[in-house]
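Biologist: I am new to this structure and would like to look closely at a single part before anything else. Please choose one set of side chains, explain with care how it is arranged, and then place it in its surroundings.

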Amino acid sequence: MSAAKSREHFVANGGLKVSVWSKVLNSKAAWEDKDEFLDVIYWFRQIIAIVLGVIWGVVPLKGFLGIAIFCLINAGILYLYFSSFQQVDEEEYGGTWELTKEGFMTSFALFLVVWIIFYTAIHFE
């Protein structure tokens, strides 16, 4: 393949397979593979956890307030993403609750680790 040619993949019937990245960034993308969309939700949640963990550690946010704000922001951003931006049918994925909790506990653990590391590194005397 030449460097000028974009990375396109063709499926068996000759149609063009759209990359996951282009679906993530396009509003109302068609998600034929349900697991692919759930993977996007999972990894998007992990990115949010890292970013918020760094911010919380630098700011220095402490205690229950930091945890509560993380939960609200994490769930809120993902809810807006799949309900307003992508406009998927939540019932195809088991309802709104299933999409909202997809990968939440692992992102919460990652958030806590990043928050603690940054807080300790910057503010520990």
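**The aromatic rings and their setting**

Modeller: Phe-104 and Phe-108 are four residues apart in helix α5, which covers residues 104-123, and so they are separated by about one helical turn. Please keep in mind throughout that this is a predicted model. Phe-104 has a relative accessibility of 17% and therefore counts as buried, since the limit for that word is under 20%. Phe-108 is buried as well, with a relative accessible area of 17%. Both residues belong to one aromatic cluster, in which Phe-104 and Phe-108 are joined by Trp-56, Phe-70, Phe-111 and Trp-115.

To see how such rings face one another, it helps to consider the pairs, of which the structure holds 11. One of them is formed by Tyr-42 and Trp-43, with an edge-to-face arrangement in which the centres are 5.0 Å apart and the planes make an angle of 85°. As for their cover, Tyr-42 is partly exposed because its relative accessibility is 25%, whereas Trp-43, at 55%, counts as exposed. Returning to helix α5, Phe-104 and Phe-108 form a stacked pair, with 6.3 Å from centre to centre and 10° between the planes.

Trp-43 leads on to another part of the model, for this residue helps to line the largest pocket, together with Val-20, Trp-21, Val-24, Asp-39, Val-40, Phe-44 and Ile-47. The elements that each contribute two or more residues to this lining are α1, residues 20-25, and α2, residues 34-58. It is α2 that gives the most, with five residues. Sorted by class, the lining consists of seven nonpolar residues and one charged residue, with no polar ones, and the volume of the pocket is about 190 Å³.

Stepping back to the whole chain, one finds five helices and two strands, and their order from the N terminus on is β-β-α-α-α-α-α. The chain has 125 residues, and buried ones make up 30% of them. Among contacts with a separation of 6 or more, 71% are between residues 24 or more positions apart. The accessible surface of the chain comes to about 8300 Å², and carbon and sulfur atoms account for 67% of that surface.

Key: Residues numbered from 1 in each chain as written. Predicted model: local features only at pLDDT ≥ 70, side-chain atom pairs only at ≥ 80, totals over all residues. Heavy atoms only, no water. 1 Å grid on protein atoms, 1.4 Å probe; cavity = no way out; pocket = protein on both sides within 12 Å on 5 of 7 lines; lining within 4 Å. Points joined across faces, edges and corners; volume = space filled by probe spheres on them. Nonpolar A, V, L, I, M, F, W, Y, C, P; charged D, E, K, R; others polar. Buried < 20%, exposed > 50% of the residue type's maximum accessible area, 1.4 Å probe, protein only. Contact = heavy atoms within 4.5 Å. Areas by Shrake-Rupley, 256 points an atom, 1.4 Å probe, with all protein chains shown as cover. Phe/Tyr/Trp six-rings, centres within 6.5 Å; stacked < 30°, edge-to-face > 60°.
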